[in-house]
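Please read the sequence and the model below side by side. The paragraphs that follow go through a few places in turn.

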Amino acid sequence: MRTPRAFPTPAAFPVPEPFDNPVIDRPEPRVSVQDELVEVTTLLRRHRLVEGLVRGEGDAPDAQRELSESTVYRRSKEELQRKLDRLHPADIAYILEALPIDERLYVWDLVRASRDGDILLEVSDAVRESLISSMDTEELVAATESLEADEIAELAPDLPQEVMDDVFLRLPVDEREQLRAAMSFDEDMVGALMDFEDVTVRPDVTLEVALRYLRRFDELPSQTDQLFVVDREDRLLGVLPINRLIVNDPDLTVGELMQPPVVKLLQHEKADEAAHAFERYDLVSAPVVDTNDKLVGRVTVDEILDFVRQSGEEDVLAQAGLREEEDVFASVWASFRNRWAWLAINLVTAFIASRVIGAFEGSIEKLVALAALMPIVAGIGGNSGNQTITMIVRAIALGQVTPASARGLFAKELTVSLANGLVWGGVMGAAAALLYKDIALGLVMVLAMTLNLLLAALMGVLIPIAMLKLSRDPAVGSSVMITAVTDSGGFFIFLGLATLILL
């Protein structure tokens with residue numbers, strides 16, 4: 001639950017009684033999640049085998065069947081459940097993603113209901129959809145209402161509306177308002193990443209009072225490296241790092257020790273900006289404020305890491321022409337729907353490239369060497385274009401490229417491609433001239449490779465810049481488009497030059 005804003009008076013904090021340190025059960029040493037997957041899979045297959053044997057004893061007397069089930073079936077099931085109980089929710093999520101759907105749902109049924117919400121937060125969107133579809137409304141409500149408001153907001157897009165309606169009704173009023181606030185932000189905004197577990201203090205209290213206040217918590221919110229100093233209207237005044245709070249004179253006031261925040265994030269700014277700030281300043285947490293400088297929450301490094309990982313995965317999928325993350329064990333129809341669009345575009349571009357070749361059939365018939373050499377021109381252009389477009393898309397993601405800087409990028413990339421074209425085109429031209437004993441053919445190779453590399457550089461900058469101006473994701477289908485251009489362009493340039501010079 002969110003920390004109360006009203007800071008208590010010093011008298012409200014009794015001096016804690018001395019106590020002995022409790023003996024803490026240390027967790028077992030972590031093993032790799034791949035090993036955990038192997039162990040769970042082995043236990044699962046063994047349990048399913050026992051289940052099949054027990055159910056196959058339909059002709060056995062009832063007493064013998066009950067004995068077999070109690071001594072073997074239940075033991076194997078309990079062993080698997082104990083293993084799952086010891087695993088972290090993130091590890092269970094990984095295991096569920098790596099299992100075929102029938103085994104995934106079987107394991108999911110064995111997971112304790114109290115852990116459902118935490119695991120749903122960890123699994124990928126595609127796998128989450130399959131798990132949610134196997135649960136009824138009451139199970140989903142029970143799993144969701146145990147989560148914090150910001151976590152519920154993360155699950156909300158995947159939950160049925162009736163589940164969200166029930167969750168709203170069951171939440172306390174303050175958490176209901178927090179949930180409404182969290183759901184009002186787009187997923188690429190800072191507000192979608194923030195949580196409401198910030199710990200606040202007033203500037204006029206002493207460090208001793210602040211320490212007593214912290215001792216009232218059962219535990220501090222995760223990633224708490226600083227306290228946020230606010231006035232009576234909850235306006236952010238500064239921050240008090242925990243490491244300064246602990247080592248300084250308890251009689252000093254918070255106001256004397258507080259310092260300006262390294263960065264203040266606005267709740268409606270892009271999450272990319274927050275990710276850049278965390279990377280640049282090595283932050284663990286950062287305050288989030290509204291336009292009136294009122295503290296509304298905080299963003300922590302674990303949320304930033306999740307956002308960066310998800311953004312990276314989406315970029316990789318987009319470059320390959322996949323519309324969304326795909327469950328590797330999804331149905332054939334679901335995978336088909338995810339992949340068909342860009343494959344259709346690929347088919348069109350491949351057909352165009354084939355027609356370019358078809359237009360020069362006569363030239364190829366007269367000089368068969370053209371058929372052997374033209375894939376080299378197209379392939380080198382495609383590789384060069386993908387290098388350029390990858391660098392530009394990355395620079396855009398880091399905020400290093402704007403439409404205003406496009407002219408300089410064009411000049412730089414064209415110069416690099418010209419140098420590469422002359423060097424490697426010269427190498428390939430010399431090889432072609434020696435192989436086919438035709439100097440003119442070698443010259444064609446030099447010119448064609450240089451021109452196609454220049455085309456690749458031009459399009460490698462132009463495509464993402466154009467997407468940026470159109471407010472589209474520069475990574476979406478970029479590799480598909482650049483390959484289409486360099487293939488068709490490479491064939492046309494090489495065969496056209498060959499027709500003009502050699503025939």
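Is R45 buried, partly exposed or exposed? The model is a predicted one, and in it R45 has 44% relative accessibility, so this residue counts as partly exposed. R45 has a charged partner: its side chain meets that of E103 in a salt bridge, with 2.7 Å from N to O. The two residues sit in separate helices, R45 in helix 1 (residues 33–55) and E103 in helix 4 (residues 101–110), so the salt bridge ties together parts that are 58 residues apart in sequence. E103 itself is buried, because its relative accessible area is 12%, and the cut-off for buried is under 20%.

Side chains of opposite charge can pair when their charged atoms come close. A search of the whole structure finds 17 salt bridges, and a few more of them can be followed here. The side chains of R170 and E138 form one, at 3.4 Å from N to O. R170 belongs to helix 9 (residues 161–170) and E138 to helix 7 (residues 137–145), so this pair links parts that lie 32 residues apart in sequence. R170 counts as partly exposed because its relative accessibility is 42%. E138 has a relative accessible area of 47%, so E138 is partly exposed.

Another salt bridge joins R235 to D231, whose closest N and O atoms are 3.2 Å apart. R235 is partly exposed, with a relative accessible area of 38%, whereas D231, at 15% relative accessibility, counts as buried. Salt bridges can also share partners, and in this way E36, E39 and K83 are joined into one network.

The strands come next. Three of them make an open sheet in the order 1-2-3, and the pairing in this sheet is mixed. Its edge strands are strand 1 (200–201) and strand 3 (236–241), each of which pairs on one side only. Strand 1 and strand 2 (residues 226–230) run parallel and are joined by two bridges. To find one of these places in the model, start at T200: its bridge partner in strand 2 is F228.

Strand 5 (residues 285–289) and strand 6 run antiparallel, with five bridges between them. Here P287 has R298 of strand 6 as its bridge partner. The two strands form a hairpin with five residues between them, and in this hairpin D293 takes a positive phi near 65°. Why can strand 6 be called largely enclosed by the rest of the structure? The reason is that six of the six residues of strand 6 (residues 295–300) are buried.

The last stop is a single residue in a helix. T486 is found in helix 22 (residues 478–502). Its relative accessible area is 0%, so T486 is buried. Which residues does T486 touch, not counting those up to four places away in sequence? They are A378, G381, G382, N452 and A456. With G382 there is also a polar contact, in which the side chain of T486 reaches the backbone nitrogen of G382 at 3.5 Å.

Definitions and conventions
Residues numbered from 1 in each chain as written. Predicted model: local features only at pLDDT ≥ 70, side-chain atom pairs only at ≥ 80, totals over all residues. Heavy atoms only, no water. Pairing = 2+ DSSP bridges. Helix = DSSP H or I, 4+ residues; strand = E, 2+ residues; numbered from the N terminus. Buried < 20%, exposed > 50% of the residue type's maximum accessible area, 1.4 Å probe, protein only. Polar contact = N/O pair within 3.5 Å; in protein donor to acceptor, adjacent residues only side chain to side chain. Contact = heavy atoms within 4.5 Å. Salt bridge = Lys/Arg side-chain N within 4 Å of Asp/Glu carboxyl O.
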